[in-house]
Every structure is written in C-alpha cells, then in structure tokens.
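Subject: Structure for your files

Hello,

Here is the structure I promised to pass on. My notes on it follow below the entry.

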Amino acid sequence: MALDPADFTKCCKDSGVLMVVKCRKENSALKECLIAQFSFPSCSYNDPAFYEECKMEYLKEREEFRKTGIPTKKRLQKLPTSM
C-alpha cells in the first residue's frame with residue numbers, strides 16, 4: 001500500500017464524519033508509512049536517552065501544573081498588558 005499521506009487527508013476532508021469508515025485503506029497505508037519511517041534502530045523512540053529526556057520534561061511540566069493549576073500551554077502564553 002504505497003499511498004501518499006495526502007490521500008488520507010483528502011479522504012478525510014471529502015468524507016466528513018464518515019471518514020472512520022470510508023478512509024480505512026488510506027489510514028492503514030498511513031500507519032504503515034509511519035511505522036516504516038520510525039522502525040529503524042537509530043530511531044529516537046528506541047533511544048533510552050531520548051526516552052529519559054521526554055520523561056523528565058513531562059515530570060517537570062506535571063510538577064509545575066500541580067503547583068500552579070495552570071497547564072503549560074496557557075502558562076507560556078503572553079499575558080495581555082494594559083496601557
């Protein structure tokens with residue numbers, strides 16, 4: 001199944017809500033493409049150092065959320081200033 005990822009996007013746009021049923025072939029092809037792209041040994045997902053880096057970043061963000069109650073995305077947005 002060598003379909004272009006754009007085929008999946010087009011199918012979803014054309015199908016609307018029924019994309020779950022109508023775009024199975026394109027979705028399968030996209031999954032195969034992604035698996036092939038990220039399955040080689042030097043992939044970041046197989047790298048323990050990368051995994052630890054992601055884990056530490058997540059734990060840091062979680063700790064900050066527990067302190068402030070504000071998600072990272074909202075915390076990083078600029079606050080409006082009034083003049």
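Val 21 sits in helix α2, which covers residues 19–22. The model is a predicted one. With a relative accessible area of 53%, Val 21 is exposed. Together with Met 19 and Val 20, Val 21 makes up a nonpolar surface patch of about 280 Å².

Next, the cysteines. The count of disulfides comes to one. The bond is between Cys 11 and Cys 23, with an S to S distance of 2.0 Å. Cys 11 belongs to helix α1, while Cys 23 is in the loop between α2 and α3 (24–37), so the bond ties together parts that are 12 residues apart in sequence. Its torsion about the S-S bond is about -95°, so the disulfide is left-handed. Cys 11 and Cys 23 are both buried.

What keeps Cys 12 from a bond with the closest cysteine sulfur? That sulfur belongs to Cys 23 and lies 4.4 Å from the sulfur of Cys 12, which is too far for a bond, because a disulfide needs the two sulfur atoms within 2.5 Å. Cys 12 is buried, at a relative accessible area of 15%. Cys 54, by contrast, counts as partly exposed, because its relative accessibility is 36%.

On to the charged pairs. A search of the whole structure turns up three salt bridges.

In helix α1 (residues 5–15), Lys 10 and Asp 14 are four residues apart, about one turn of the helix. They form a salt bridge in which the closest N and O atoms are 2.7 Å apart. Lys 10 and Asp 14 are both exposed.

In helix α4, a salt bridge joins the side chains of Glu 52 and Lys 55, at 3.5 Å from N to O. Glu 52 and Lys 55 are three residues apart in that helix, which means that about one helical turn separates them. Each of these two side chains belongs to a residue in the middle class of accessibility: Glu 52 is partly exposed at 35%, and Lys 55 is partly exposed at 33%.

Helix α4 also holds Glu 63 and Lys 67, four residues apart, again about one turn of the helix. The salt bridge between Lys 67 and Glu 63 has its closest N and O atoms 3.8 Å apart. Lys 67 counts as exposed because its relative accessibility is 60%, whereas Glu 63 is partly exposed, with a relative accessible area of 44%.

Why do such spacings suit a contact along one side of a helix? An α-helix has 3.6 residues a turn, so residues three or four places apart point the same way.

Last, the length of helix α4. Which span should its residues give, and does the model agree or disagree? Helix α4 runs over residues 48–68, which is 21 residues, so at 1.5 Å a residue the expected span is 30 Å. The C-alpha atoms at its ends are 30 Å apart, so the expected span and the model agree. Just after α4 comes Gly 69, which takes a positive phi of about 80°.

Regards

Technical notes
Residues numbered from 1 in each chain as written. Predicted model: local features only at pLDDT ≥ 70, side-chain atom pairs only at ≥ 80, totals over all residues. Heavy atoms only, no water. Helix = DSSP H or I, 4+ residues; strand = E, 2+ residues; numbered from the N terminus. Expected span 1.5 Å × (residues − 1). Salt bridge = Lys/Arg side-chain N within 4 Å of Asp/Glu carboxyl O. Buried < 20%, exposed > 50% of the residue type's maximum accessible area, 1.4 Å probe, protein only. Patch = residues over 30% accessible without salt bridge, like charges linked within 9 Å, V, L, I, M, F, W, Y side chains within 5 Å. Areas by Shrake-Rupley, 256 points an atom, 1.4 Å probe, with all protein chains shown as cover.
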